[in-house]
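Reader: Could we go through this model together, beginning with the annotated positions?
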Amino acid sequence: MKRNPASAGLSGEIAVPGDKSISHRAVIFASLAEGTSRISGFLDAEDCLRTVEVFRAMGLQIDRDGRDLTVHGKGADRLKEPDAPLYFGNSGTTARLMSGVLAGLPLFTTAYGDESLSARPMDRVVKPLRQMGAVIEGREQGKKLPLAFSGTGLSGITYEMPVKSAQVKSAILLAGLFAEGVTTVIEAAKTRNHTETMLPEFGVEVTNDFGAISVRGGQKMKASNVDIPGDISSAAFFIVAAAVVPGSDVTIRRVGVNETRNGIIQALKKMGADINVEITDRIGKEPVADVTVKSSELEGITVEGELIANLIDEVPVLALAATQAAGTTVIKDAGELKVKETDRIQAVCDNLSLMGADITPTEDGMIIKGGTALRGAEVSSKGDHRIGMMEAVASLLAEGETTIHRPEAINISYPDFFSDLEHLLYNR
Ligand SMILES: O=C(O)C1=C[C@@H](OP(=O)(O)O)[C@@H](O)[C@H](O)C1
Ligand SMILES: C=C(OP(=O)(O)O)C(=O)O
């Protein structure tokens, strides 16, 4: 039998690509602003390129040189009606945030997505946007894509969010920029805060009164330059790999460790992981760190409540870490995972069970009995980038060969994933 390439552990340094959430927002805000914005460290992966294409289809010039973008903004009122339906691909962030924008523009637009995105709930944004006066038609009365937006005057609302979602918060705040009066979003739990921390850089006044976040409509947005830190959600795969593969010692440079995003590090540390976070810089409001991880023994924990929103995209790889921990890990309050690119509760449990893990799905999470040896198996990303990358990390721990079907899904957020992994395995 072939030796697992990870038998000597992972070692060395990498810098992961730019943050996906910040990349989407940088393009959207720069495209609504007047003047030329330069964006560096942009995530040149499928999802964020969809957002770029949406604005190009509305007549905006956006030049791209690898991970550097120049957005020639003319102000939102100069965007033109697109000739064809806008395509959001697989990207939930594009779909939700752009719904907020399209609801406020005086244009007729239609938008659709791929098979996975077409199955994801859109009523979470359509409902509050309609309350603001937006005219939106769509499949299943606007619960699903495709959607059609007919621009009209919006009015500000105060909206208490029934779901913990930064996408919903951002969609409403973006629509609020086009609305008359003040729009306020009240969060039940703190979700990623990039929208409210980045908007002021583009000249928008945002207030945050203990979780009640408000914008006044009609504010002029001005161009700004954005330097984007590395994506902690991408780094998470290597943080977990180094924590669980014996003999590992890995440093990931320039990772954004915003307090609303660093839950994976908090959870792994609680499990006993050896992780050192050295803050090296602060880009705008975003703290940036070199994260060094050495393998260690882990123990099972319960992950629930507020922490879940802080590590929502990292649950698949956290579940994998839990299979290697002593004792039981319980993940709760994570029902949102059912409406991501796949039903991630089911996808994680199906795939890790195939590899020999003791993992049981629950209504809002999973129960993982740790300390199981994994074996190679035929698994599938099911078209979900985070499931595909989790499986690749699982294969490093497995005895025997693992075949990952539909690996191309990984291009959604991390096209260089396999070359970065090879770098840490073979130092090349
Ligand atoms: O606002 C964002 O950039 C995101 C918010 C989260 O989604 P929800 O807002 O649906 O929780 C996350 O899962 C997604 O990858 C990116
Ligand atoms: C859920 C995700 O993204 P989105 O909602 O933008 O498709 C993700 O990146 O894990």
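Author: The discussion below concerns a predicted model and takes up its annotated positions and then one helix.

Reader: Which residues does UniProt list for "binding site"?
Author: The unreviewed UniProt entry lists Lys-20, Gly-92, Arg-120, Gln-167, Arg-344 and Arg-386 under "binding site".

Reader: Where is Gly-92 found?
Author: Gly-92 belongs to helix H3, which covers residues 92-104.

Reader: Buried or exposed, and why does Gly-92 count that way?
Author: Gly-92 counts as buried because 20 C-beta neighbours lie inside 10 Å, and the cut-off for that class is 20 or more.

Reader: What is Gly-92 in contact with, leaving aside neighbours within four places in sequence?
Author: With those set aside, the contacts of Gly-92 are Leu-117, Arg-120 and Gln-167. Both Arg-120 and Gln-167 also appear in the UniProt "binding site" list.

Reader: And Gln-167, where is its place?
Author: Gln-167 lies in helix H7, residues 166-176. Gln-167 is buried too, because it has 23 C-beta neighbours inside 10 Å.

Reader: Which residues is Gln-167 in contact with, on the same terms as before?
Author: Beyond its neighbours within four places in sequence, Gln-167 is in contact with Gly-92, Thr-93, Arg-96 and Leu-97.

Reader: Changing topic, which residues of helix H10 are buried?
Author: In H10, residues 263-270, the buried residues include Gly-263, Ile-264, Ile-265, Ala-267 and Leu-268.

Reader: What covers the buried residues of H10?
Author: The cover includes helices H9 (232-244), H11 (306-310) and H12 (315-323), together with strands S17 (274-283) and S19 (302-303).

Reader: Which residue just after H10 takes a positive phi?
Author: That residue is Gly-272, with a phi of about 105°.

Note on methods. Residues are numbered from 1 along each chain as its sequence is written. Chains are lettered from A and ligands numbered from 1 in the order in which they are written. This is a predicted model: local features need pLDDT of at least 70, side-chain atom pairs count only at pLDDT 80 or more; totals for chains, interfaces and linings use all residues. UniProt positions are given in the numbering used here, feature names are shortened, and annotations may be inferred rather than shown by experiment. Helices (H or I, at least four residues) and strands (E, at least two) are DSSP runs, numbered from the N terminus. A residue is buried if 20 or more other C-beta atoms lie within 10 Å of its own, exposed if 12 or fewer, and partly exposed in between; C-beta atoms are placed from the backbone. Two residues are in contact if their C-beta atoms, placed from the backbone, lie within 7 Å.
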